[in-house]
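Work through these exercises with the model open beside you. Try each task before you read its solution.

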Amino acid sequence: MLILGLNMFHADASAAIIEDGEVKFAIAEERLNRIKHYAGFPTLAVQACLDSLGAGVTDLDHVAVGQDTEANLAKKVKYALANPRGILNFIHLRRRKQAMRDVRSLLAHTLNVDRNKLHFRQHYVEHHLAHIASAYYCSPWEKAAGFSYDGSGDFVSTMMARCEGNCIDVLERIFLPQSLGSFYTMICEFIGYNQYGDEGKVMGLAPYGKDTYYERLREIVGLNNGSFKLNINYFKPLGSNQGMEVTADGRVRLARHFSDEMVKHFGSPREPHSEITHREMDLAYAMQQRFEEAFFHLLNQLHQRVPVEELAMAGGCALNSVANGKLFDRTPFRQTWIQPAAGDEGLAIGAALYAYHGVLGEPRRYEMKDSYLGPEFSDTHVESELKKSGLQYRKLEREPLLETVAERIARGEVVGWFQGRMEWGPRALGNRSILAHPGLPNMKDVLNARIKHREWFRPFAPSVLAERQHEYFEHDHPSPFMLHVYKIRSNKRQQLCAVNHVDDTGRLQSVAREENPLYYDLIRTFERKTGIPVVLNTSFNENEPIVCAPAQAIDCFQRTKMDALAIGPYLVGRSDL
Ligand SMILES: [Fe+2]
């Protein structure tokens, strides 16, 4: 049985395909059309899903969309009409609903096939239900607490559920305008980070601040009775687009979230790209602090209702790896399974799996053990791209490749590492990565000056051999998808100085050999040379979506000042091959 999952006309549009309940391929449209957070219809992603299985759109049995325009409609209409642009908002809602409801025509049109030849059944899965499904149905568990939170989706910001067997039983929905995601976005915008997805950057700024504004932010986010309540005077009404606008070419623009009340209390908002002062650092600090408190408050409430140790979690806020890393100390949950594509691209997988298990009642067998669900490219393809580029290269067997790359990293070089299938989700996890020595004091500056050009306060991440994690970090709960931040042990901070953040933490990836043998063996080889079972891992890109195809990797290598590129079995150097 073939099911196509879709996230469409929404940020991070994506497609995933499952065959008999197993996720075979999944990709965000941005990786193919190169428009970051693309929010149109994921035409190229759908085609890539079908091509990966040699299938045609007429072979699909079901298509599931991770959005249900009918869900919570009464709440949406009430809110839309109550706000100043009421009737306009209402019209937008109706138009959007009509477009979303005819997936058959959309697919027929975009893939150029006769609509009458498409026989699949359509399913619409409520946004947060799809988020929770994307975590729970990928986990190995038969029972778990399900939690999803983000800015908004289908007019809901937070969902709690009891997950058991095939069933995801929704216990609680928190509706807009109450939203921890909107709170985070609002403060980020105020301090000059107003692009969709900037929240992750500001998380890195938070530990530079102190608690100057903590009490004030407590007034903006109140906690009560297992829930939270925003002081909406600080927010602008979100309108029918729930805080986002999509341009004609599918780009996402955030609407202004903060009201003049913020200006009254905190002064003028910071202009993007201007100097960052203590005010911004302190606001970031208080925002992260209050966000975490609300998060733990909600999780503790969820645990009272679903008293198990297992937590299955997704939603854009679940990318807050700092909060995730603390939840073991602040809640009774002991195990997490967080969808690597916790943001909205993950809805494609969640919707498809929900159709299979939740709607069709098919038994669960699948477990997502790694995130390598994207495309891969043959050596022949890679070599032909290298030839086109005119770069000098040589082909190496596995062992010499590992030896050479590890040696180069050990002596301080920055190496592009392009191997196997592309990662699903926003993190590069050793297949589309740029790698460097984690223990060289100037490495962060080198990477920023030569390749990444990121804000000075953003840390780089470590990939650590899974069984050595406990020696280096204060928590040993695995973080295979780089979704937890843990304290680095004091005796290891020097060894990891290039990935040790200002608060002595690291957003680690635990690398188990069975999940990625080549990457594991590379880190192992690096350890033999340096004594450190860790490499610095940052995504393979330069202010663009992470590279997907060899030509993009080669282009990025040529544009930037990487020292070497290992692409499949081929090694490309600057002048020293
Ligand atoms: Fe979402």
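**Exercise 1. Decide whether histidine 273 is buried or exposed, then describe its backbone.**

Step 1. Take the relative accessible area of histidine 273, which is 81%. Exposed means over 50%. Histidine 273 is therefore exposed.

Step 2. Place the residue. Histidine 273 sits in the loop between helix 10 (260-266) and helix 11 (278-305).

Step 3. Check phi. Histidine 273 is not a glycine, yet its phi is positive, about 75 degrees.

Keep in mind that this is a predicted model.

**Exercise 2. Do the same for asparagine 543.**

Step 1. The relative accessible area of asparagine 543 is 62%, so this residue is exposed.

Step 2. Asparagine 543 belongs to the loop between strand 21 (534-539) and helix 19 (550-559).

Step 3. Asparagine 543 has a positive phi near 50 degrees, and it is a residue other than glycine.

**Exercise 3. Classify arginine 121 by its accessibility.**

Step 1. Arginine 121 has 45% relative accessibility. Buried means under 20%, exposed means over 50%, and partly exposed lies in between. Arginine 121 therefore counts as partly exposed.

Step 2. Find its element. Arginine 121 is in strand 5 (residues 121-124).

Step 3. Look for a partner far along the chain. Isoleucine 3 is 118 residues apart from arginine 121 in the chain, and their C-alpha atoms are separated by 9.4 Å.

**Exercise 4. Find which residues coordinate the iron ion, and name the arrangement.**

Step 1. List the donors. They are His127 (NE2), His131 (NE2), Asp150 (OD) and Asp344 (OD), at 2.0 to 2.2 Å from the iron ion.

Step 2. Read their spacing along the chain: H-x3-H-x18-D-x193-D.

Step 3. Connect two of them. Histidine 127 lies in helix 6 (residues 127-136), and aspartate 344 lies in the loop between strand 14 (335-338) and helix 13 (347-359), so the pair ties together parts that are 217 residues apart in sequence. Histidine 127 and aspartate 344 are both buried.

Step 4. Test the angles. The 4 donor atoms subtend angles of 88 to 159 degrees at the iron ion. A tetrahedral set needs all angles between 85 and 135 degrees. The arrangement is therefore irregular.

**Exercise 5. Explain why helix 7 counts as largely enclosed, and describe what flanks it.**

Step 1. Start before the helix. Proline 177 is in the loop between strand 8 (167-175) and helix 7. The peptide bond from leucine 176 to proline 177 is cis, with omega near 0 degrees.

Step 2. Find the cap. Serine 179 caps the N-terminal end of helix 7, with a side-chain oxygen 3.3 Å from the backbone nitrogen of glycine 181.

Step 3. Count the buried residues. In helix 7 (residues 180-190), 11 of the 11 residues are buried, so the rest of the structure largely encloses this helix. Among them are Phe183, Tyr184 and Glu189.

Step 4. Look past the end. Glycine 192 follows helix 7 and has a positive phi near 100 degrees.

**Exercise 6. Describe how strand 9 and strand 10 pair.**

Step 1. Strand 9 (residues 221-224) and strand 10 (residues 227-230) are antiparallel and share 4 bridges.

Step 2. Asparagine 224 is opposite serine 227 in strand 10.

Step 3. The hairpin has 2 residues between the strands, and asparagine 225 has a positive phi near 40 degrees.

Definitions and conventions:
Residues are numbered from 1 along each chain as its sequence is written. This is a predicted model: local features need pLDDT of at least 70, side-chain atom pairs count only at pLDDT 80 or more; totals for chains, interfaces and linings use all residues. Side-chain values use heavy atoms; hydrogens and water are left out. Buried means under 20% relative accessible area, exposed over 50%, partly exposed in between (1.4 Å probe, protein chains only). A polar contact is a pair of N or O atoms within 3.5 Å; within protein, one must be able to donate a hydrogen and the other to accept it, and residues adjacent in sequence count only if both atoms are side-chain atoms. Two strands pair if DSSP finds at least two bridges between them. Donors are N, O and S atoms within 2.8 Å of the metal (3.2 Å for Na, K and Ca); water is not among the atoms, so sites may look incomplete. Four donors count as tetrahedral if all angles lie between 85 and 135 degrees; four count as square planar and six as octahedral if opposite donors are over 155 degrees apart and all others between 65 and 115; anything else is irregular.
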